[in-house]
Amino acid sequence: MYLITWTDDTPDRASRITLEYRAGSEIKNYNVSASITEFTFGFDYLYPVGTFSLLSNDVFAYLGPSPDLFFHFRSQNIATGGSAITRAYSLAMLLSAGATLEFVCPINKTLLADASLGTNVFSFGGRFVNPDNSDASFFKLLTLFSGLRFKSDVGLLYVLSSNFSVRLAYRFELTRVDAWDYFISGSDMGVLSVHYGF
């Protein structure tokens, strides 16, 4: 996984652009393996909504809209000749309007804890379907229940200097679409990132 994030913080708002690329091969579902590639391009606009105390530390809460573009491509390692091409490859896309809730807790001058939860509210979805078995449209407007994009993240950031910091985090993501045939993609991972402030 490769992830690049640009963040602009002001007293009134935090803006964030995220570009994420993930790929994996030999991922198995029963006895069939596949190669999977996913791409996400997202925006977060977070506004302060309150402060509360946790274990004698102040926790700052932020909430805001989070539009998101997600692509999923799967190539199954099965025969691809003739009409089998419609079963060997799968493509899904979600252009989502959602929201993110984020908490930030400074522990001391060099250590900061944070957590976030994000989900879509509705999405414009696209799916490559087998034309031999379905006359469904390739594109549909999806609700939270027919096309879900959920993301969560919790981490610790350690400040090394005025410009550099490192962050260790746990990320969980889930995408589920059942407007066509059932599709689900999930991942959880540990992430080590380096931050540079301009």
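This report covers the surroundings of T40 and a set of salt bridges in a predicted model.

**T40 and its contacts**

T40 is part of strand β3, which spans residues 32–54. Its relative accessibility is 5%, so T40 counts as buried. Once neighbours within four places in sequence are set aside, the residues in contact with T40 are T18, L19, E20, D68, L69, F70 and R149. Among these contacts, E20 and D68 also take part in salt bridges described below: E20 pairs with R22, and D68 pairs with K151.

**Salt bridges**

The whole structure holds 14 salt bridges. Side chains of opposite charge can pair when their charged atoms come close. The table lists three of the pairs, including the one between R22 and E20.

| Pair | N to O distance |
|---|---|
| R22 and E20 | 3.0 Å |
| D68 and K151 | 3.3 Å |
| D178 and R176 | 3.3 Å |

In the first row, R22 and E20 are both buried.

The side chains of D68 and K151 meet in a salt bridge. This pair links distant parts of the chain, with D68 in strand β5 (residues 68–76) and K151 in strand β9 (residues 147–159), 83 residues apart. D68 has a relative accessible area of 6% and is buried, whereas K151, at 25%, is partly exposed.

For the salt bridge between D178 and R176, D178 is partly exposed with a relative accessible area of 35%, while R176 is buried at 18%.

Through shared partners, salt bridges join E20, R22, E38, D68, D114, R149, K151, D153, R167, R171 and E173 into one network.

Conventions. Residues are numbered from 1 along each chain as its sequence is written. This is a predicted model: local features need pLDDT of at least 70, side-chain atom pairs count only at pLDDT 80 or more; totals for chains, interfaces and linings use all residues. Side-chain values use heavy atoms; hydrogens and water are left out. Helices (H or I, at least four residues) and strands (E, at least two) are DSSP runs, numbered from the N terminus. Buried means under 20% relative accessible area, exposed over 50%, partly exposed in between (1.4 Å probe, protein chains only). Contact means heavy atoms within 4.5 Å. A salt bridge is a side-chain nitrogen of Lys or Arg within 4 Å of a carboxyl oxygen of Asp or Glu.
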